[in-house]
Amino acid sequence: EEGESLSQATNSSAPLVNRVTQGLYPIGTSMLPLIRANFGETQPTDSDLKTYYQKLGLYQAPQINMPVAYDTENPSAYELRVSPLQVSLAASILSNHGMMSVPSIATAVNTPEQGWVVLSTAESRPVEVIQAEAANEAALSFILEGKPFWSHVGQASGSNDTVVTWFLGGTLPSWSGAPLTMVVTLEENNTFLAKYIGENLLD
């Protein structure tokens, strides 16, 4: 009886909306490591930032076989709202030598007839967004002392004086395994909790 109302995006709490792919949150200071990687200490203009964010895929829907959302209302880079999936893909450049990963749900499926079947990713390839040296340098500048990963906690103000807290982190350029990126998005003003969750998962 409640299913229809719970599934509506207009529902105040939207409990059945997949926030990773469909939730749109203000960007705030979450992208500082990525901005540093491309612009150094220079403060970019809105136009420069928008061009960069377009390269990072923040103005388009991620190409993945599930419902996704992207901001079509805010042309300004400073007012842009993004999904955690978009931020995860963008942040991957710092752990992957400047290359942005391709989103996928699974790399293989176990079928009754054929056993494990590897899913093709030939249609899409990782894209170089910035030079490897710049990405690696930025990742190292956000390294957490004593930890084998980089991290950053940022915040953004939403509508009705709400605050969103972001944690971005990932493996270092010297990591010998598969590059990993972690994004935590909290719909509350809680930098301690965001950092606690992100660091513990990466640990």
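**Entry 1: Tyr52**

I started with Tyr52 in this predicted model, and asked whether Tyr52 is buried or exposed. Its relative accessible area is 2%, so I noted Tyr52 as buried, the cut-off being under 20%. I then looked for ring partners, and a search of the whole structure gave me 4 aromatic pairs. One that I looked up joins Phe39 and Tyr52: the ring centres are 5.5 Å apart and the planes stand at 85°, so I wrote the pair down as edge-to-face. The angle settles that, because planes over 60 degrees apart count as edge-to-face. This pair links distant parts of the chain, with Phe39 in helix 3 (residues 32-39) and Tyr52 in helix 4 (residues 46-55), 13 residues apart.

I checked Phe39 as well, and Phe39 is buried, with a relative accessible area of 19%. Tyr53 joins in too: Phe39, Tyr52 and Tyr53 form one aromatic cluster.

**Entry 2: helix 4 and its surroundings**

Which residues of helix 4 are buried? I found Leu49, Tyr52 and Tyr53. Looking down the axis of helix 4, I saw these buried residues fall within an arc of 100°, so they line one face of the helix. Their cover includes helix 3 and helix 5 (84-95).

I also made two smaller notes here. The charged end of Lys50 sits over the ring of Tyr59, 5.6 Å from the ring centre. Gly57, just after helix 4, takes a positive phi of about 80°.

**Entry 3: helix 3 against helix 4**

I wanted to know how these two helices meet. Two packed helices are described by the angle between their axes and the distance between the axes. For helix 3 and helix 4 I noted an angle of about 105° and axes 12 Å apart. That makes helix 3 roughly perpendicular to helix 4, because angles of 65 to 115 degrees are counted that way.

Which residues meet there? From helix 3 I listed Leu34, Ile35, Asn38 and Phe39, and from helix 4 Asp48, Leu49, Tyr52 and Tyr53.

**Entry 4: helix 6**

Next I turned to helix 6 (residues 132-141), where Ala135, Asn136, Ala138 and Ala139 are buried. Down the axis of helix 6, the buried residues fall within an arc of 165°, so they too line one face of their helix. I looked at the other side of helix 6 and found Glu133 and Glu137 exposed. What do the buried residues of helix 6 pack against? I noted helix 3, helix 5 and strand 7 (149-157).

**Entry 5: Pro148**

I followed the chain into the loop between helix 6 and strand 7, where Pro148 has its place. Pro148 is partly exposed, with a relative accessible area of 45%. Setting aside residues up to four places away in sequence, I found Pro148 touching Thr171 and Leu172. I also looked up Trp175: its C-alpha atom is separated by 7.9 Å from that of Pro148, and the two are 27 residues apart along the chain.

**Entry 6: Thr181**

My last stop was Thr181, which lies in strand 9 (residues 181-186). Its relative accessibility is 29%, so I put Thr181 down as partly exposed. Which residues is Thr181 in contact with, leaving aside neighbours within four places in sequence? I found Ser88, Ala91, Ser92, Ser95, Gly169 and Gly170. For Pro67 I noted a C-alpha to C-alpha distance of 22 Å from Thr181, with their places 114 residues apart in sequence given as the separation.

Key:
Residues numbered from 1 in each chain as written. Predicted model: local features only at pLDDT ≥ 70, side-chain atom pairs only at ≥ 80, totals over all residues. Heavy atoms only, no water. Phe/Tyr/Trp six-rings, centres within 6.5 Å; stacked < 30°, edge-to-face > 60°. Helix = DSSP H or I, 4+ residues; strand = E, 2+ residues; numbered from the N terminus. Buried < 20%, exposed > 50% of the residue type's maximum accessible area, 1.4 Å probe, protein only. Lys NZ or Arg CZ within 6 Å of the ring centre and 35° of its normal. Arc of directions from axis to C-beta. Contact = heavy atoms within 4.5 Å. Axes fitted to C-alpha atoms, helices over the stretch in contact; angles between N-to-C directions. Parallel < 35°, antiparallel > 145°, perpendicular 65-115°, else oblique.
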